[in-house]
2 protein chains.
Amino acid sequence: MSLSAIAKPILYSYWRSSCSWRVRIALNLKEIPYDIKPISLIKSGGEQHCNEYREVNPMEQVPALQIDGHTLIESVAIMHYLEETRPQRPLLPQDVHKRAKVREIVEIICSGIQPLQNLIVLIHVGEEKKKEWAQHWITRGFRAVEKALSTSAGKYCVGDEISMADCCLVPQVFNARRFHVDLRPYPIILRIDRELEANPAFRAAHPSNQPDCPPELPNK
Amino acid sequence: MSLSAIAKPILYSYWRSSCSWRVRIALNLKEIPYDIKPISLIKSGGEQHCNEYREVNPMEQVPALQIDGHTLIESVAIMHYLEETRPQRPLLPQDVHKRAKVREIVEIICSGIQPLQNLIVLIHVGEEKKKEWAQHWITRGFRAVEKALSTSAGKYCVGDEISMADCCLVPQVFNARRFHVDLRPYPIILRIDRELEANPAFRAAHPSNQPDCPPELPNK
């Protein structure tokens with residue numbers, strides 16, 4: 001095994017980035033030790049735009065994961081890689097229809113909600129309209145997530161085992177709260193979020209427990 | 001086997017929807033016969049918003065696929081389901097790092113580009129700004145896709161076998177042309193798009209070959 005393969009993985013992460021957070025949860029659930037290299041999305045106009053980091057991730061966003069001698073980007077692709085190389089503590093169910101349901105919820109959040117309310121898009125939307133814009137897309141997506149959960153959820157998003165869907169849901173609920181979305185119409189989402197709050201893998205991945213989290217947390 | 005399992009799959013599709021198009025390509029590549037049920041995103045303010053279709057897909061968008069007695073939504077989840085239940089003509093490579101690369105390109109397009117330039121978002125952005133908005137996000141994403149392809153591409157996006165990444169790339173190139181994006185900075189994207197143009201599975205899935213394509217095609 002090469003040196004790079006046995007080196008500890010490095011996660012380029014920002015404390016409040018929901019996409020970084022998904023991967024932190026997955027790494028924690030699978031008990032894969034890793035180091036964090038913080039990339040501030042705020043400092044100096046965003047460290048993700050500097051030339052050095054652009055070589056790591058040409059999308060100029062977090063996360064990126066250096067693992068097994070490779071640099072991986074895009075959070076859902078990274079979670080699938082971890083699943084395929086570290087099958088312990090699976091993030092996908094065995095049953096093919098349940099797997100489809102997990103991926104459906106993942107995609108509603110990761111393609112249907114988060115991209116429309118992430119920092120770079122909100123800068124483009126403008127300060128005046130950004131809250132309403134974010135609320136609109138989160139509300140639309142959460143209606144669909146709640147509907148999906150009404151037939152799939154057990155203790156967690158799909159049945160009683162934690163999956164990739166849960167890794168994506170919890171950070172999205174945090175974002176919804178940041179934008180003051182009324183979450184009362186989504187009782188299943190809220191119940192699952194509460195259920196996972198105390199889970200050690202989720203707790204350790206929380207923004208407030210990150211090395212780059214500022215001491216004065218505006219949105220804890 | 002139950003009746004629903006042997007019934008021909010039904011794809012809810014719109015001729016110009018790039019997400020429907022991805023699934024049409026995947027079905028064609030795997031030679032799975034299917035019927036199309038057209039959902040017009042234009043007629044009567046959008047048939048995807050009617051009560052009946054909202055029961056099929058609570059995100060109120062296409063595609064949705066009725067297959068094996070289940071209704072699946074979200075194009076990437078559907079492609080994975082097809083891959084896991086119909087392994088003939090694989091859409092993912094065997095090698096785990098190549099699989100990660102395929103999923104990375106898929107996610108750049110399906111989370112990083114398409115959601116920001118789809119119809120429902122552009123309606124929200126407004127007629128005046130929509131072209132510039134779409135160009136901005138497609139250009140940003142294509143820079144990253146071209147960079148990824150510079151190390152992964154063979155004849156197609158990842159090596160010499162067609163994958164999910166190709167199913168996503170071709171419809172996104174079509175959208176880029178619709179919004180008059182200058183594609184000259186992306187020679188690898190253009191080469192792969194040209195390569196796939198003549199492929200029968202891609203040709204049959206093209207918007208101009210759909211039953212609901214209007215006779216007068218504005219953007220053929």
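Biologist: What makes strand β3 (residues 64-67) of chain B and β4(B) a pair?

Modeller: Four bridges join β3 of chain B to β4(B). Pairing asks for at least two bridges between two strands, so these two qualify. The strands run antiparallel, and all of this comes from a predicted model.

Biologist: Which residue stands opposite B:Ala64?

Modeller: That's B:Ile73 in β4(B). The two strands also form a hairpin, with two residues between them. In the turn, B:Asp68 has a positive phi of about 55 degrees.

Biologist: And the whole sheet of chain B: in what order do the strands come?

Modeller: The order is β2-β1-β3-β4, in an open sheet of four strands with mixed pairing. β2 (35-38) and β4 (70-73) of chain B each have a single partner strand, so one side of each has no neighbour in the sheet, and that puts them at the edges. On average, neighbouring strands are turned by 20 degrees against each other, direction ignored.

Biologist: What holds strands like that together in general?

Modeller: Strands of a sheet pair through backbone hydrogen bonds, parallel or antiparallel.

Biologist: Which strands of chain B does helix α2 (residues 18-29) lie across?

Modeller: Helix α2 of chain B lies across β1 (10-13), β2 and β3, and runs at about 150 degrees to β1(B).

Biologist: Let's move to chain A. How do you know which strands of its sheet are the edges?

Modeller: Chain A has an open sheet of four strands in the order β2-β1-β3-β4, with mixed pairing. β2 (35-38) and β4 of chain A each pair on one side only, and that is what marks the edge strands. From one strand to the next the twist averages 20 degrees.

Biologist: What makes β3 (residues 64-67) of chain A and β4(A) partners?

Modeller: They share four bridges in the antiparallel sense, and at least two are needed, so they pair. A:Gln66, for one, stands opposite A:Thr71 in β4(A). Across β3 and β4 of chain A lies α4(A), running at about 130 degrees to β4(A).

Biologist: Why is the peptide bond between A:Val62 and A:Pro63 called cis?

Modeller: Omega there is about 5 degrees. A:Pro63 sits in the loop between α3 (51-56) and β3 of chain A. In chain B, the bond from B:Val62 to B:Pro63 is cis too, with omega near 5 degrees. B:Pro63 is in the loop between α3 (51-56) and β3 of chain B.

Biologist: What is there to say about phi of A:His180?

Modeller: Phi is near 55 degrees, a positive value in a residue other than glycine. A:His180 belongs to the loop between α9 (164-178) and α10 (187-197) of chain A.

Biologist: Now the two chains together. How many residues does each bring to the contact?

Modeller: Chain A brings 40 residues and chain B brings 40 residues. The area buried between them is about 3,800 Å², with carbon and sulfur atoms giving 64%.

Biologist: Why is B:Glu55 with A:Lys147 called a salt bridge?

Modeller: Their closest N and O atoms are 3.2 Å apart. The limit is 4 Å, so the pair passes. Between chain A and chain B the count is six salt bridges, and over all chains the structure holds 24.

Biologist: What about B:Glu84 and A:Arg103: how far apart are their closest N and O atoms?

Modeller: The distance is 3.1 Å, again within 4 Å, so this is a salt bridge as well. B:Glu84 lies in helix α4 (residues 75-85) of chain B and A:Arg103 in helix α5 of chain A, so the pair joins two chains.

Biologist: How many residue pairs are in polar contact across the interface of chain A and chain B?

Modeller: The rule finds 21, with both residues at pLDDT 80 or more. Elements of chain A that each supply at least two residues to the side touching chain B include β4 (70-73), α5 (96-112) and α8 (130-152). α5(A) gives the most to that side, with eleven residues. By kind, the residues of that side of chain A divide into 19 nonpolar, eleven polar and ten charged.

Terms used. Residues are numbered from 1 along each chain as its sequence is written. Chains are lettered from A and ligands numbered from 1 in the order in which they are written. This is a predicted model: local features need pLDDT of at least 70, side-chain atom pairs count only at pLDDT 80 or more; totals for chains, interfaces and linings use all residues. Side-chain values use heavy atoms; hydrogens and water are left out. Contact means heavy atoms within 4.5 Å. Buried area is the accessible area (1.4 Å probe) that two parts lose on being put together, summed over both. A salt bridge is a side-chain nitrogen of Lys or Arg within 4 Å of a carboxyl oxygen of Asp or Glu. A polar contact is a pair of N or O atoms within 3.5 Å; within protein, one must be able to donate a hydrogen and the other to accept it, and residues adjacent in sequence count only if both atoms are side-chain atoms. Ala, Val, Leu, Ile, Met, Phe, Trp, Tyr, Cys and Pro count as nonpolar, Asp, Glu, Lys and Arg as charged, and the others, Gly among them, as polar. Axes are lines fitted to C-alpha atoms, for helices over the stretch in contact, and angles run from 0 to 180 degrees between N-to-C directions.
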